[in-house]
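Good morning, and thank you for joining. Please look at the sequence and the model on the screen before we discuss one strand and its surroundings.

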Amino acid sequence: MHNSSTYEFPYVKPERLRWSENVRKEIWNAETHEFLGRTAKSWGGILTFYVIFFSALAALFAICMKGMPLSMDDRRPKYLMDNGVIGSNPGLGFRPISENVKAGALIWYQAANESNYRHWTDQLDKFLEPYRIAQKLPGGGKNQQVCDFETSPAEGKVCAVDVKRFEPCTSEMGYGYNRSAPCIFIKLNKIYDWVPDYYDKSNLPKEMPADLKNHILATDPKELNQVWVSCRGESPADRENLGPIKYIPSQGFPGYYYPYRNVNGYLSPLIALHLARPHLNSLINIECRAWAKNIIYSNMLGHREGSVHFEVMID
């Protein structure tokens, strides 16, 4: 006689359900009261966790979006000069500039083909539009004033840039492109709160070009507070092909435009380089350099500072 405590029930093969019944049972199991494999208590725990988790994320995001603007100034960068990304050494920029990355810094056109050079003059029209139409500026340019070396801008005001002084580098005269005497506009890159350390007549650097030295020595002492600019061909052949350069309206950026403090209506001062008689059908490499005691110069390949390089070719 077998002991009932050790009796084993024979294995019973589970009932084989049809596919549709299996699917229905996976969705709702009436025997275990499970929906999609979980009981109501299990679903409640999961939903509660995710509600709390995403609520916390949303609250953290809202705090960040509300708190970050309170710690920032929409006009003044948080980190200035050497502590910022831009640093404290301004470089130079130029216009027009090719939209084709492969073309790099090359300005190449046919003087006799209006549809060809129009590409460049249209760019200059667009670039100079806020200079010509003050209403395009924030505040409509109402806070601009005429400045000179004896008149600095008043509090909350900025110095205007008079584009009428750029003749013949004007839209009406085609910026000289139709006469094979193109104009290229140079500007000093903006750095918040940067103030130039100016040269005077007694401490001009040895490496400064002789023509610029002579220009500074002949300048009225009241007008020495300028960031001077010199441009030349990079090689002897480039200098020969470049011909004479005229700086319009002057060879420096006047000091009354500095410091830049992101005031509405501020426009960077410009110098128009008028290439009067460049050689045709020749690639001319040009370098322009800014001169102030606190502008560091470097023309290393891929690491240019205090200067700008561009190329001109006229067919």
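I begin with a pairing: isoleucine 184 has leucine 273, in strand S11, as its bridge partner. This is a predicted model, in which local features need pLDDT of at least 70 and side-chain atom pairs count only at pLDDT 80 or more, while totals for chains, interfaces and linings use all residues. Residues are numbered from 1 along each chain as its sequence is written, and side-chain values use heavy atoms, with hydrogens and water left out.

Strands here are DSSP runs of E, at least two residues long, numbered from the N terminus; two of them pair if DSSP finds at least two bridges between them. Strand S7, residues 183-188, runs antiparallel to S11, with five bridges joining them. S11 also pairs with strand S9, residues 245-248, in the antiparallel sense over four bridges. There, isoleucine 245 is opposite leucine 275 of S11.

How many residues of S11 are buried, that is, under 20% relative accessible area with a 1.4 Å probe and protein chains only? Six of its six residues are buried. In a regular strand, side chains alternate between the two faces of the sheet. In S11, Leu270, Ala272 and His274 lie on one side and Ile271, Leu273 and Leu275 on the other, and all are buried.

I close with residue classes, where Ala, Val, Leu, Ile, Met, Phe, Trp, Tyr, Cys and Pro count as nonpolar, Asp, Glu, Lys and Arg as charged, and the others, Gly among them, as polar. The lining of the largest pocket has 22 nonpolar, six polar and six charged residues. A pocket is an open set of points on a 1 Å grid over the protein atoms alone, where a 1.4 Å probe fits, with protein on both sides within 12 Å along at least five of seven lines; lining residues have an atom within 4 Å of a point.

Conventions. Buried < 20%, exposed > 50% of the residue type's maximum accessible area, 1.4 Å probe, protein only.
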